[in-house]
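I opened this model to look up its core, its strand pairing and one loop residue. My notes are kept in the order in which I worked.

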Amino acid sequence: MYQQMIFVNLPVNDLDASKKFFTELGYSINPQFSDDNAASVVISDTIVAMLLTKPFYATFTKKEIAEATTTSEVLICLSAESREKVDELVDKAIAAGGSASGEPQDQGFMYGRAFDDLDGHTWEVVWMDPAAIQG
């Protein structure tokens, strides 16, 4: 059965630093789709973050590239299998040089935290109680 994938393309200032950051979070780099201009970060079987140097990113758009440290161009949200996994990933991101973004959100049936990566892109990590989803 076909599973649709998502490729999130993000402009980065320092490709090597960004690759190091995401590998420290536990993700792998797919060398087949990586070079001096881009790195393919495998988040899951269906989610890939393409980290592109800003000059290379600019070849795909006529728009000005947003400065993610001062403007919000997108909020990327990843699911987590438990509250503990939310904390684990966000804590890893902060330890790897990212920064906390906002306060933890605890709705009882849903828990989330967010971090900004090295370039200011905001990543939310959310757990939702499976019983709440079904009910």
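The entries below go from the open sheet to the nonpolar core, then to the hairpins and the loop.

**Entry 1, the open sheet.** I note at the outset that this is a predicted model. I began with the strand order and found an open sheet of four strands, arranged E1-E4-E3-E2 with mixed pairing. I looked for the edges next, and they are E1 and strand E2 (28–30), each of which pairs on one side only. Averaged over neighbouring strands and with direction ignored, the turn of one strand against the next is 30 degrees. I then followed E2 to its partner E3, with which E2 pairs in the antiparallel sense over three bridges, and I recorded that Ile29 stands opposite Val41 in E3. Helix H1 packs on this sheet, where H1 touches E1, E2, E3 and E4, and the direction of H1 makes about 155 degrees with that of E4.

**Entry 2, the core.** I asked which residues have the most contacts inside the largest nonpolar core. This core has 26 residues, and those with the most contacts inside it are Phe22, Leu25, Tyr27, Leu51, Phe115 and Trp123. Among the elements that give two or more residues to the core are helix H1 (15–24), strand E4 (47–53), helix H3 (83–95), strand E8 (110–116) and strand E9 (122–128). I checked which of the elements gives the most, and it is H3, with four residues.

**Entry 3, Phe115 and strand E8.** I chose Phe115 for a closer look and listed its contacts, leaving out residues up to four places away in sequence. Phe115 touches Phe21, Leu25, Val90, Ala93, Ser99, Ala100, Ser101, His121, Thr122, Trp123 and Val125. One of these, Ala100, also stands opposite Phe115 in E8, and strand E6 (residues 99–100) is joined to E8 by two bridges, the two strands running antiparallel. I recorded E8 as mostly covered, since six of its seven residues are buried.

**Entry 4, the two hairpins of E8.** I looked up how E8 is joined to strand E7 (residues 105–106), and found two bridges, with the strands running antiparallel. Asp106 has Tyr111 in E8 as its bridge partner. E7 and E8 form a hairpin with three residues between them, and Gly108 in the turn has a positive phi of about 85 degrees. Turning to the other hairpin, I found that E8 and E9 pair in the antiparallel sense over seven bridges, and that the bridge partner of Asp116 in E9 is Thr122. This hairpin has five residues between its strands, and Gly120 in the turn has a positive phi of about 95 degrees.

**Entry 5, Thr69 in its loop.** Is Thr69 buried or exposed? I placed Thr69 in the loop between helix H2 (54–58) and E5, and I call Thr69 exposed because its relative accessible area is 53%, while the cut-off for that term is over 50%. Leaving aside neighbours within four places in sequence, I found Thr69 in contact with Asp119 and Gly120, and Gly120 lies in the turn of the hairpin of E8 and E9. The C-alpha atoms of Thr69 and Thr122 are separated by 9.3 Å, although these residues are 53 residues apart along the chain. I also noted a polar contact of 2.8 Å that joins the side chains of Thr69 and Glu67.

Notes:
Residues numbered from 1 in each chain as written. Predicted model: local features only at pLDDT ≥ 70, side-chain atom pairs only at ≥ 80, totals over all residues. Heavy atoms only, no water. Core = buried A, V, L, I, M, F, W, Y, C linked by side-chain atoms within 4.5 Å. Buried < 20%, exposed > 50% of the residue type's maximum accessible area, 1.4 Å probe, protein only. Contact = heavy atoms within 4.5 Å. Pairing = 2+ DSSP bridges. Axes fitted to C-alpha atoms, helices over the stretch in contact; angles between N-to-C directions. Polar contact = N/O pair within 3.5 Å; in protein donor to acceptor, adjacent residues only side chain to side chain.
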